[in-house]
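Here are a few short exercises to work through with the model open beside you. Try each task before you read its solution.

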Amino acid sequence: MKPMLDRRDFLRGTSSGFGSLALAMMLQEEGYADGTVKVLHHPPKAKRVVQLFMGGAASHIDLWDHKPMLEKHHGEKSDFGEHVEAFQNGLGPWMKSPFPFKPYGQSGKMLSDVVAPLGECVDDMTFIHNLVGKTGVHSQATYLQATGFQRPGFPGMGSWVSYALGSINENLPTFVVLPDHRGFASNGPKNWGSAFLPASSQGTAIFPQRSNPIEDLTPQADFATAEGDRAGLKLLSKFNGQFQRERPGDSRLEARVRSYELAAKMQLSAPEALDISGEPEHIMKMYGLDRAGAKYPDTINAAEEEEYFGRKCLIARRLLERGVRFVQIWSGNDNSFPRRNWDSHENIERDHGPLARGMAVGTAALLKDLKQSGMLDETIVLWTTEFGRMPSTQGSKGRDHNPYVFTNWLCGGGVRGGMTHGESDQWGYKPLDRANPTQVYDIHATILHLMGLDHKRLTVRHDGIDRRLTDVHGHVLREIIA
Amino acid sequence: MSKTELIKLKILLPRTHAVSGLIRGLGLALGQFAGLSTLGRSRSIMLSMLLVLIATPFPRLFAEVDFVRGVAPILQRRCLSCHNDKESKGDFSLQTAESAKEDGYVVAGDAMASHLLEVISGGAGKPRMPKNSDPLEEEQVELIRKWIDEGANWPADFKITESRVSDFNWWSYQAIRRPVVPKLQSDWVRTPIDAFVLRKLNEKDLVVAHQADRRTLIRRVTYDLIGLPPTPQQVQDFVHDSAPQAYERLVDRLLESKHYGERWARHWLDVVKYADTCGYDKDKLRPNAWPYRDYVIRSFNEDKSFSRFVQEQIAGDVLFPGNPDGVLALGFIAAGPWDFIGHVEVPESKLDGKVARNLDRDDMVSGALNTFCSITVQCARCHNHKFDPITQDQYYGLQSIFSAVDRAERPYDLDPDVEKRRDALEIVIAEQQKQLDAISSEIEKAGGERLLDLRKEIKGLEERVSFKKSPEFGYHSSTVKRNDLQKWVEIDLKDSVNAAQIILHACHDEFGGIGAGFGFPVRFQVAVDSGQGDMEIVHDRLQADVENPGLEPIVIDLSGRNIRRVRVTATKLAHRKNDYIFALGEVRVLDVEGKNHAKGKPVTSLDSIEAPERWARRNLTDGEWPHYQDLDAAKSLDVAKRKLAKLNREIETPQRMRDRASANKKLVAARSELAKLPTGKMVYAAATHFKSQGNFHATEGKLRPVHILHRGEISQQRAVASPGMLPLGQGLSWQIDAATTEGERRATLANWLTDERHPLVWRSIVNRMWQYHFGRGIVATPNDFGRMGAVPTHPDLLDWLAVEFRDGGDWLKPQSMKDLHRLMVISSVYRQSSAGPSSNGLVDESNQYLWRMARRRLAAEEIRDSILHVSGSMDQTMGGPGFYLFKLERTQHSPHYEYHKFDPHDPKSHRRSIYRFIVRSQPDPWMTTLDCADSSQSTPKRNETLTSLQALSLLNSRFNLVMAEKFAARVAQEHDSLQQQVHQAIQLLLQRDPKDSEVEAFSAYAQEHGMNNLCRFLFNLSEFIYID
């Protein structure tokens, strides 16, 4: 038990910057570290992660996973060949995608028209079309994809990565979350909470459109002045330093003095990272941000979606450049009315159209931008969602939940490009090879692997159980690694 | 096995869930285990442990393969869960030699011919087995190959059984006895605690710290017991109190304070996952969770006996009927998260609904057992516990105790008569329900195979039938209060059509529970017009009432008549709910080729409610009507249902019919009376009777069947679990009769949890209390006393405290929490300075033997409450609904909790933090940054982190800014000079007089940047945030 307590005691005294040391120490304790690999389990291919999360469950068969059979049998009575339990009993006739598909890139990957901007990137992307979930309930499915567990109380992938690897730049948070500007998806901030890991590994939510994008970054009071703050911090440093010196041997007190120094640095770094006013015109245009001051209609529309998602993507790039380790971008809010998420029970075309267009413009810009700067080689971009949608209709134009198969894609950070790993069946109802599906654990294991971490060895004891991001599951998808 | 050996074993096995990590870790360990296994006394236990633990044996290629130590563990770990005598996938069990050698799976002496080897080695591709899992490691396959080639020697009668820990030889499972208090000659020993601790310190050659000074002591003990700072006056009084019992008197005063319960309830609520919203998706409000929070505060303040406190929270309604606390306390069972969608939107009949309910019960079971027993019982949900003697059967036995309760609002009445009547009615309902169940099971017996077959057939058919309807239901007339009014609807085909058939389709609407045939007229006629105004009746159902057709279409044969208009007239309307209507799903007019000429044609009618999308005239000709996808199956279903009804009539005896009628009558009467009782106040708690919400219905006490779930998968149900607890404690019975009611089951659990023979409960609670006072538990893992938890640093002290607390003695009244606090905080151990002799650090740097007091950071609530307190803003009102620290928006669907829109000036929010409204999925960012407990999980001990985000929160949060202004205003009101203001601020905040140099520096700053800014920075002093 002693090593564990020591580690905890150590972590207790750390500021957000010392996470990597935490892991290094952990590894040494357990005898894994040797002369050549001091920190990581093995040499990493990637340093950073971007996770794009589509709230409400984005349809695989309307974006990425082309199904000619649905075009052929559109409108015919669906027949799954077995009893199907659907969330809202949406088992109407087969329904083709309202969007046309066509091939892109060297690989000839078929993409839907609404994600056409990503056509230029497909040769760098790996599609996984045989992902299976465990539930068609939004909340549990979101938790599963975000934290590896169906229930609340577990740290998100970004928290695990932050805990293990720590920050590249102490002046910015290690794990940043850009929520949908309209509201949180299922479970809200619990999807990026640190749970039983130290609070320093929790995701920091940034709302670029708010006057105070990072809560508490700067004082919103008449009496606060820059000069007063500088002098105040000096005062604190003096008296807190004195308090610490009178109590030797307590590393927490020293860490606390240091945390104020870091806070002051973050106050300077963060606004600079979020300020996109200096970005050149062609970049703004690429991210769909060339319509300054535009007014948008009340109904959901592609131009507005481009602007919102593009802004998050551009800010993500700026954060990554400045050393943020993990960025999570959300598209889609809670299930309120009118619908502003991917849960298209009523009408795929109406909701998926603009959301997908906005997502694709921003994402394609981010991928191309990272590629041209060379950062894509060390940055994993993961596109994910809660589950897929049924190939049959629900009502007339919508689709019910399909937890039985859906799509993820990865790009960069050592992932092979232009390939598909695992296919869904001819309808997009279940994996083609039902015995060998891909699960979220495999995705998580692979991402940790690319970052130099063994998902089975990154554990933390909590209430008697050595917890892992991948629970007791997970295989590294070696086939998709370059 | 001795304790040290087990510890050794534990160190060798650092992870449970990291199974394959464990496999690797064990390669080295095997040799030692081989030595250990010869220990005589616990040999059989050791063997079973070996089977649990050994995964990868050393391949000993030079010697004959040892089946028991080498091969059996591999088979056990990797194959047995699917291939055993009970669950033989592919008709294959690996439990015994006989079964393994059947069908050529293992052919002794010939590995090549053995099917087993074929499936685990796989040749070119991935091996077929183990299915959906990592393949066996190469050495393991080799070992099995070698074993088969050597003759597949399987010792006679050796049976591989599922891994299971049956070893109770662990400190926490042992009976508690009262240890003798060490007799030490030392003035330092004030209490038995000191004697136990000092003995240990002496053993380790450690020297105790000095006693802390009085200012430090009063600051420490005041925060510790009431969570607020002492006032400057209180500090003055205590520092100058020369009475010999000054400190003890201070402690007594604090324990009598109403703030004591507010502070200690917070610890309890951390453990039980209390929050005021449900969590998960939507994160709906629980507006009546707070009465449980107030119950906990009151229980601490009243110094309620611990047994009573435990019993009330598990089964207060059963054990203490008529007492409101007995109901309020059940908020304990309901405190954790709850999945709204999984319960309300998804019915219990679906897998997702079952998953949600299984996880819900899991939360109740782990909540009860983690909280009171400090045992990680939830590890046995998917398999037998890997390290502690808890089987999967026992785990599901615990789930059966909670199988009839849900989380919902239930009334607690302060009027005892109403309460009594409610209890009586609930009993009547449960009894009648039981009676009805008994009749059903008699009928089942009487119906025999035939009944079972019919039911099975119906279930199969129902799956095939799969009903379909579009969102456009059809035409719906306006409603009227009489059924004898006429209503009509007419279709203009726009052209003369040679019609072969007119087909009418009824609607389907669940409104009023009607469903198929909704609104279909009781009497009606169909008339056609060729376009010449010659309306003629072609279908006359005016004379007698028509049996509702359900979704069966009504086909009217016209044999090629030319028609232009079709009119359907209802003369006797359909009953809806206290009113009458005429509704129709679709009218089709087919020619001989089957083409529908009515589709899309205009519709007129006498009236129509026109409520699209569901109801509109145009829906009558939109080509959509509700129907069964498999008509044949639907017909067969009808037949089968009729057969079932007939069979039921046959096996019903007059006696049964009378009994059923009587039970039903009593049930209805009791339910209706219950519904009419005044509801009084409501609390969110464990409940069996409550108002339905969507698919979420009350069990009314009826136990849900709880099955043991293979690998915890809801789709893999095994035997029904027998209700029970865990086989702990000598002579303590733990099984529950399956015939018990749900209330009896909970009562049994409550009694078991408070039995004096229970080895865990008493240790668990005194350890929690110790941890809160001293910073670390005697057992450092307060929720886990199992083999993966820590061992006690002072086992004798722990047991002495447990016995003294349970039974009472020289120092404590039995089960008095307040006495326990008093004993701990008056001890010399507690009164030590936090700066101990530095020489001790070499031996015990982490201070586990308590040679000094632990310095601690204030918890999030203490920081917030202190800031409110010193700035003079605090409203000390107790109890009631939680105050918001956010702006609540859009509550109708998924509530938005907008923290950034909240104004901290709002005086309603200036109450103690225990009374805040806690949002589970979207917790308060300020509190979270300061390591407040996450209400999605049990938090037996808060994290204590230090981050730059914390610094930003304490510097810049609007709460801190507003309170800095108020603090500055307060001191300015009381003093004119800046120096005096600074002086008072320091006194209030740090409970001491400032040094001259401090007054000078702080005043200079305030002079230049204002007192507001100074106060803001003072809130960030380490001396304020830390308690020595």
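**Exercise 1: the make-up of chain A**

Of the 482 residues of chain A, 60% count as buried (20 or more other C-beta atoms within 10 Å of a residue's own, with 12 or fewer making it exposed, anything in between partly exposed, and C-beta atoms placed from the backbone). This is a predicted model, in which local features need pLDDT of at least 70, side-chain atom pairs count only at pLDDT 80 or more, and totals for chains, interfaces and linings use all residues. Residues are numbered from 1 along each chain as its sequence is written, while chains are lettered from A and ligands numbered from 1 in the order in which they are written.

Task: how does the radius of gyration of chain A agree with that of a compact globule?

Solution. Start with the rule, 2.2 Å times the number of residues to the power 0.38, taken over C-alpha atoms. For 482 residues a compact globule would have a radius of gyration near 23 Å, and chain A has 23 Å, so the two agree. Next, look at the box that the C-alpha atoms fill along the principal axes: roughly 80 × 55 × 40 Å. Finally, count the elements: chain A has 11 helices and 14 strands, both being DSSP runs numbered from the N terminus (H or I, at least four residues, for helices; E, at least two, for strands).

**Exercise 2: a hairpin in chain B**

Task: is strand β8 of chain B buried or in the open?

Solution. Strand β8(B) spans residues 536–541, and the number of its six residues that are buried is zero, so the strand lies largely in the open. Now find its partner: β7(B), residues 523–529, pairs with β8(B) in the antiparallel sense over five bridges, where pairing needs at least two DSSP bridges. Val528(B) stands opposite Glu536(B). Six residues separate the strands of this hairpin, and Gly531(B) in the turn has a positive phi of about 110°.

**Exercise 3: two loop residues with positive phi**

Task: where are Lys282(B) and Asp931(B) found?

Solution. Lys282(B) sits in the loop between α12 (258–272) and α13 (290–301) of chain B. Its phi is positive, about 75°, although Lys282(B) is not a glycine. Lys282(B) is buried, because 25 other C-beta atoms lie within 10 Å.

Turn to Asp931(B), in the loop between α28 (925–929) and α29 (948–956) of chain B. Asp931(B) is not a glycine either, yet has a positive phi of about 70°. With 22 C-beta neighbours inside 10 Å, Asp931(B) counts as buried.
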